[in-house]
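The following exercises are to be worked with the sequence and the coordinates at hand. Each task is followed by a solution in steps.

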Amino acid sequence: KHLMALFLYTVASLIVSYTSYLLFNNLLPKFIKYIDTLNSDLIGDKSSIYETFWKNEISDFEKDHHAQNIVSWLHAVVSSILSIFCIVEVLNQVSTQFFQQEIIMGVSTPLRTAALEVTLGYFISDTIIFFHQFKHHEFLTVLHHLVIIPSYIACIYYECGTLSMIAFQTNEITNILLHIRYFLKQWKATTGVFWNLLNLVFAISFFWLRIVPDTFVFYCIITGMLEYSSPSPLWVQTLLIVGGILYCFVQYAWMSMITKMFVYKLTNLYNAIMKGPTNDNKKNN
């Protein structure tokens, strides 16, 4: 039953990825050329968006990666919604002891299983694409997927810690913003109030929706293993601990990179303010 569902979700994710690829690499270029034609015919603008931007500014890998990020964004939306529904189901019971016991003795519900299978299918299909284009991807992203997949399989099969995995899965909420940032960067829209506000909201949400809950859940995994006797095999318990350590390491590493980026931007802003108006501006005044 689980294998069939997982196979269907993986295939569905690959189909959506391929469809997205066709849209970006076939229909979008044609649409851009059509816009160029309209500009030329209606307002006499002979400049070509296709030639100056799509053909010369965006690499073949970026065109493929656009499609992959569309699928990742869709998964982030679906996964976030399913995870929130799963958390709401038990919202009045959430406590450290509840998570400790659930990690060891947890019995899955149909909604939790579906939420985990959808995400696992996405991770498997995404990893297949990663290894097809391995040299272009960050090590942390590949490590994230390779840590997640066996942990999800163990949790689904042994119905062990499924709600804890769902708690980790709420991290996907931040990916909605992450992929919006990606497309703005690719389309050279990295200035203005919206871009700066998006970065600020992304950094804050990353801390509160990843670092804080992930640290809490990992604490519950460790203390739960120590305080309660688990019916699941030792390798599953070990996988949860090792997977939790590696997963949190990836989150902390990403948070470190985000923090460095913000320190750099704030330093530049401070230096610009302290320098005051330039000599040219002073002369004009």
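**Exercise 1. Cysteines**

Is Cys248 buried or exposed? Classify Cys220 in the same manner, and give the count of disulfides.

Solution. The model is a predicted one.
- Step 1. The cut-off for a buried residue is a relative accessible area under 20%.
- Step 2. Cys248 has 3% relative accessibility, so Cys248 counts as buried.
- Step 3. Cys220, with a relative accessible area of 0%, is buried.
- Step 4. A disulfide requires two cysteine sulfur atoms within 2.5 Å. By this rule, the count is 0 disulfides.

**Exercise 2. Overall composition**

How many helices and strands does the protein have, and what share of its residues is buried?

Solution.
- Step 1. The secondary structure consists of 11 helices and 0 strands. Read from the N terminus, the elements therefore run α-α-α-α-α-α-α-α-α-α-α.
- Step 2. Of the 285 residues in the protein, 45% are buried.
- Step 3. Consider contacts between residues at least 6 apart in sequence: 80% of them join residues at least 24 apart.
- Step 4. The exposed area is about 16000 Å², of which carbon and sulfur atoms supply 69%.

**Exercise 3. Aromatic pairs**

Determine the geometry of the pair formed by Phe123 and Tyr152, and state which parts of the chain it ties together.

Solution.
- Step 1. The structure contains 8 aromatic pairs. In the pair of Phe123 and Tyr152, the distance is 6.1 Å centre to centre, with 75 degrees between the planes. Planes over 60 degrees apart count as edge-to-face, and this pair is edge-to-face.
- Step 2. Phe123 belongs to helix 5 (residues 110–132) and Tyr152 to helix 6 (residues 139–158), so the pair ties together parts 29 residues apart in sequence.
- Step 3. Phe123 is buried at a relative accessible area of 3%, and Tyr152 is buried at 2%.
- Step 4. The rings of Phe202 and Phe206 have centres 5.9 Å apart and planes at 65 degrees, so this pair is edge-to-face as well. Phe202 and Phe206 are 4 residues apart in helix 9 (residues 193–227), which means a separation of about one helical turn. Both Phe202 and Phe206 are buried.
- Step 5. Ring pairs also link Tyr122, Phe123 and Tyr152 into a cluster.

**Exercise 4. Surroundings of Gln251**

Which residues does Gln251 touch, leaving aside those up to four places away in sequence?

Solution.
- Step 1. Gln251 is located in helix 10 (residues 234–275).
- Step 2. Its relative accessibility is 0%, so Gln251 counts as buried.
- Step 3. With contact taken as heavy atoms within 4.5 Å, Gln251 touches His144, Asn171, Phe206, Arg210, Ile211 and Asp214.

**Exercise 5. Enclosed helix and surface patch**

Why is helix 7 described as largely enclosed? Which residues form the nonpolar patch on the surface?

Solution.
- Step 1. In helix 7 (residues 162–169), 8 of the 8 residues are buried, so the rest of the structure largely encloses this helix. The buried residues are Thr162, Leu163, Ser164, Met165, Ile166, Ala167, Phe168 and Gln169.
- Step 2. The nonpolar patch on the surface is formed by Val193, Leu197, Leu200, Val201, Ile204, Phe207, Trp208, Leu209 and Val212, which together have about 810 Å² of accessible area.
- Step 3. Leu209, one of these patch residues, is in helix 9. At 30% relative accessibility, Leu209 counts as partly exposed.

Definitions and conventions. Residues numbered from 1 in each chain as written. Predicted model: local features only at pLDDT ≥ 70, side-chain atom pairs only at ≥ 80, totals over all residues. Heavy atoms only, no water. Helix = DSSP H or I, 4+ residues; strand = E, 2+ residues; numbered from the N terminus. Buried < 20%, exposed > 50% of the residue type's maximum accessible area, 1.4 Å probe, protein only. Phe/Tyr/Trp six-rings, centres within 6.5 Å; stacked < 30°, edge-to-face > 60°. Areas by Shrake-Rupley, 256 points an atom, 1.4 Å probe, with all protein chains shown as cover. Patch = residues over 30% accessible without salt bridge, like charges linked within 9 Å, V, L, I, M, F, W, Y side chains within 5 Å. Salt bridge = Lys/Arg side-chain N within 4 Å of Asp/Glu carboxyl O.
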